[in-house]
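Biologist: Please guide me through this model, one feature at a time. I shall ask, and you may reason aloud.

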Amino acid sequence: MPGEQPAPLSAGEAARRIREGVLTSEELVQDCLERIRALEPKVQAWTFLDEEHALAQARAADERKRSGEPVGPLHGVPVGLKDIIDTGDMPTENGTVLHRGRTPREDARVVSMLRAAGAVILGKTVTTECAYFHPGKTRNPHNPEHTPGGSSSGSAAAVAAGMVPLALGSQTNGSVIRPGAFCGVYAFKPTHGLVPRTGILKLSRTLDHVGVFARSLEDIALVIEPLAGHDGGDPDTRPRARVPFLELLREEPPIEPMLAFIKTPHWERVTPEAKEAFAELTAALGDRVEELDLMPSAAEAWGWHKTIMEAEMAASFEKEWTAGRDRLSAPLRSLIERGRDVRAVDYQRALRAIPGLVEGFEDLFLERYDAILTPAAPGSAPKGLGATGDPAFCTLWSLTGMPSVTLPLMQDSAGLPIGAQLVGRRNFDARLLRTARWLRDRLEAQA
């Protein structure tokens, strides 16, 4: 990663300086735009960016502050949005030629929440085609010959390159955790239904999650707090009391956390360097980690996820299939074709399996463990831009809707990041982030 420029501010530090009047939003956004101008030819993280519109939002935020209006936790802080998230003032093209030039009438619910918190919507980041596997133009900021992961490619790369302190993405299989790991940033997939998806391209109601990218856990907590809530447009959300994510993140755990290291049935896919890195990580944790086998009832989870995802995506993309199947990529066409052939009995059987899986993991947490430690991906970002990497180590947690976070704790011999994934109990997202902070701090103290 280029080292000539000063390290970019975290979202939390930028928000603090803006509140205290030592930095303006316009100055912050201008700094981001300068980094984008310098790095975008290499990284190619953005699909829509109007500099004047971004600066106009920043100036308006500064004027609101000068006039004495209340400021939110993200006041004046720029955020990037994966280009499947509707914005009433910018195009949302979903990474497909079929939606080129599409301009929504209104913001997605998460965008309204961000604006209410004071954020500046900097622009739209690259997504793979319809948030599936066919890659976009984005490169990995650590080495442009390697994939950034997908489908939230641009969001992960933009945060990793310091172009923007925060960005939103989405995950149906591994589209937040995997690019976060490949690009060496913190990425968080909350409990299914915690963050509303209204106004976001729907792939699978059962599996879709909104996720966030940042360069620190504190920034993850800062942005997720105003995004968690109920929305009538998303039937999987529910009314809930406000959770003080940042406050809880900073608390010391009442007892030192215990982690369950679960390799999953796909451990043979892990690269030798990543296996060595995890051996060192578990050794450093000593008696605070125990290796467990995955419960037998979870062995079929990857097949159940495939059945649900293909059937629901085929239904979601019925219009695109009918109107322009010849303009879709071969991988997306194949998925839709398979989904159209899924038997109702197989689909219902896969759906019925989810509560039992969740209950099994609930027992694990209640009995002994604070979080599950597992790879975020088989290793560092693979070389080549024709694919976005293997999501196998994210699939189970997307199926069960359990919260997960990837931490950039390790790297390979070439300096590419290797992510460690922590998975928590459903609806205990803040506790998971606190455990992640404990893990980060413990390793830093031992360094």
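Biologist: Which strands does helix α14 lie across, and at what angle does α14 run to β9?

Modeller: Helices (H or I, at least four residues) and strands (E, at least two) are DSSP runs numbered from the N terminus, and contact means heavy atoms within 4.5 Å. Helix α14, residues 392-400, lies across β4 (166-171), β5, β6, β9 (371-375) and β11 (417-423). Axes are lines fitted to C-alpha atoms, for helices over the stretch in contact, and angles run from 0 to 180 degrees between N-to-C directions. On that scale, the angle of α14 to β9 is about 150°.

Biologist: What pLDDT do local features need in this model?

Modeller: Residues are numbered from 1 along each chain as its sequence is written, and side-chain values use heavy atoms, without hydrogens and water. The model is predicted: totals for chains, interfaces and linings use all residues, side-chain atom pairs count only at pLDDT 80 or more, and local features need pLDDT of at least 70.

Biologist: At what angle does helix α15 run to β10?

Modeller: Helix α15 spans residues 429-446 and lies across β5, β7 (259-262), β9, β10 (404-411) and β11. Its angle to β10 is about 10°.

Biologist: Which strands stand at the edges of the open sheet?

Modeller: Two strands pair if DSSP finds at least two bridges between them. The open sheet has 11 strands with mixed pairing, in the order β1-β3-β2-β4-β6-β5-β10-β11-β9-β7-β8. Each edge strand has a single partner, so one side of it is left without a neighbour in the sheet; these strands are β1 (46-48) and β8 (289-292).

Biologist: Which residue is the bridge partner of alanine 187 in β6?

Modeller: Strands β5 (residues 186-189) and β6 (residues 209-214) pair in the antiparallel sense over 3 bridges. The partner of alanine 187 in β6 is phenylalanine 213.

Biologist: Is α10 roughly parallel or roughly perpendicular to α14?

Modeller: The axes of α10 (residues 301-316) and α14 come within 9 Å and cross at roughly 70°. Angles under 35 degrees count as roughly parallel, over 145 as roughly antiparallel, 65 to 115 as roughly perpendicular and the rest as oblique. Therefore α10 is, relative to α14, roughly perpendicular.

Biologist: How many cavities of 30 Å³ or more are there, and what is the volume of the largest?

Modeller: A cavity is a set of points on a 1 Å grid over the protein atoms alone where a 1.4 Å probe fits but cannot get out, and its lining residues have an atom within 4 Å of a point. Grid points are joined across faces, edges and corners, and the volume is the space filled by probe spheres set on them. The largest cavity is lined by 15 residues, with Ala131, Tyr132, Phe133, Asn173 and Ser175 nearest its centre. The count is 3 cavities, and the largest holds about 90 Å³.

Biologist: Where does serine 151 lie?

Modeller: The peptide bond from glycine 150 to serine 151 is cis, with omega near 5°. By contrast, most peptide bonds are trans. Serine 151 lies in the loop between β3 (120-125) and α5 (153-160).

Notes:
On a 1 Å grid over the protein atoms alone, a cavity is a set of points where a 1.4 Å probe fits but cannot get out, and a pocket is an open set with protein on both sides within 12 Å along at least five of seven lines; lining residues have an atom within 4 Å of a point.
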